[in-house]
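Open the model in your viewer, show it as a cartoon, and keep the selection tool at hand. The stops below say what to select next and what is there.

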Amino acid sequence: IGPTSATLLNLVPQITKRYLSEKTGEKLVFSDMEEIKKYIKTKYINEKGEVAYLMCFDSGGRLNNCCKVSAGSLNCAVIDNRTLLEMAFRSHASNVILVHNHPSGVAAPSKEDLSKTLELSALFRSVSINLIDHIIVANDDFFSMATNPKFSKYLY
């Protein structure tokens with residue numbers, strides 16, 4: 001194939017990602033974890049390294065914003081607390097969900113994930129925002145701390 005065709009093929013994942021994540025003028029409301037998983041999955045199309053997103057919800061449970069807050073290497077993404085707070089404030093968030101991926105293919109939380117969750121839960125609580133979940137994505141596998149009794153204590 002020629003250079004033009006190669007360029008087009010390279011753009012397909014990015015175009016697909018943008019198309020699937022485009023919002024209409026209406027704010028999204030998720031009725032269950034499956035809907036959140038479908039939405040999140042589009043964010044990780046063609047991602048090679050660890051990437052973190054902050055989903056910001058208003059007090060009515062509507063998604064105000066879902067923004068990329070960090071992009072890192074294959075096994076690490078540095079998540080800056082100031083950036084998270086700024087995004088949450090700009091989005092007028094009452095509740096937030098932190099989402100990141102594990103390119104290794106294992107969705108289980110690491111010790112670092114657990115300690116960061118505790119730290120962020122306290123940080124957001126100090127400014128009256130609830131960290132309602134920390135979701136880890138690994139290919140088609142998802143791990144939600146909020147739905148796992150052993151880990152939900154890290155959130156509140």
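Colour by secondary structure to pick out 5 helices and 6 strands. Helices (H or I, at least four residues) and strands (E, at least two) are DSSP runs, numbered from the N terminus. Traced from the N terminus, the order of elements is α-β-α-β-β-α-β-α-β-β-α.

The model is predicted: local features need pLDDT of at least 70, side-chain atom pairs count only at pLDDT 80 or more, and totals for chains, interfaces and linings use all residues. Residues are numbered from 1 along each chain as its sequence is written, and side-chain values use heavy atoms, with hydrogens and water left out.

Next, colour by accessibility. Of the 156 residues in the protein, 43% are buried. Buried means under 20% relative accessible area, exposed over 50%, and partly exposed in between (1.4 Å probe, protein chains only).

**Stop 1: the N terminus**

Select Ile-1, in the segment before α1 (3-21). Ile-1 counts as exposed because its relative accessibility is 85%. Add Leu-8, Leu-9 and Val-12 to the selection: with Ile-1 they form a nonpolar surface patch, with about 450 Å² of accessible area together. Patches are made of residues with over 30% relative accessible area and no salt bridge; like charges are joined within 9 Å, nonpolar side chains (Val, Leu, Ile, Met, Phe, Trp, Tyr) within 5 Å. The areas come from the Shrake-Rupley method with a 1.4 Å probe, and for residues only the protein chains shown count as cover.

**Stop 2: a loop**

Go to Ser-31, in the loop between β1 (28-29) and α2 (33-43). Ser-31 has 61% relative accessibility and so counts as exposed. Now select Gly-61 as well: Ser-31 and Gly-61 are 30 residues apart in sequence, and their C-alpha atoms are 9.4 Å apart.

**Stop 3: salt bridges**

How many salt bridges does a search of the whole structure find? The search finds 7, a salt bridge being a side-chain nitrogen of Lys or Arg within 4 Å of a carboxyl oxygen of Asp or Glu.

- Select Asp-58 and Arg-62, whose closest N and O atoms are 3.1 Å apart in a salt bridge. Asp-58 is buried at 10% relative accessibility, whereas Arg-62 is partly exposed at 36%.
- Select Lys-116 and Glu-119, which meet in a salt bridge of 3.5 Å, N to O. About one helical turn separates them, because they are 3 residues apart in helix α4 (residues 111-125). Lys-116 counts as buried at 18% relative accessibility, while Glu-119 is partly exposed at 38%. Elsewhere, Arg-82, Glu-86 and Arg-90 are joined into one network by salt bridges that share partners.
- Within that network, select Arg-90 and Glu-86, with closest N and O atoms 3.7 Å apart. They are 4 residues apart in helix α3 (residues 81-90), so about one helical turn lies between them. Arg-90 is exposed at 56% relative accessibility; Glu-86 is partly exposed at 30%.

**Stop 4: a pocket**

Which residues line the second largest pocket? Select Lys-41, Tyr-44, Ile-45, Glu-47, Asn-101, His-102, Pro-103, Val-137, Ala-138 and Asn-139. On a 1 Å grid over the protein atoms alone, a pocket is an open set of points where a 1.4 Å probe fits, with protein on both sides within 12 Å along at least five of seven lines; lining residues have an atom within 4 Å of a point. This pocket has a volume of about 180 Å³, and its lining comprises 5 nonpolar, 3 polar and 2 charged residues.

Definitions and conventions: Grid points are joined across faces, edges and corners, and a volume is the space filled by probe spheres set on the points. Ala, Val, Leu, Ile, Met, Phe, Trp, Tyr, Cys and Pro count as nonpolar, Asp, Glu, Lys and Arg as charged, and the others, Gly among them, as polar.
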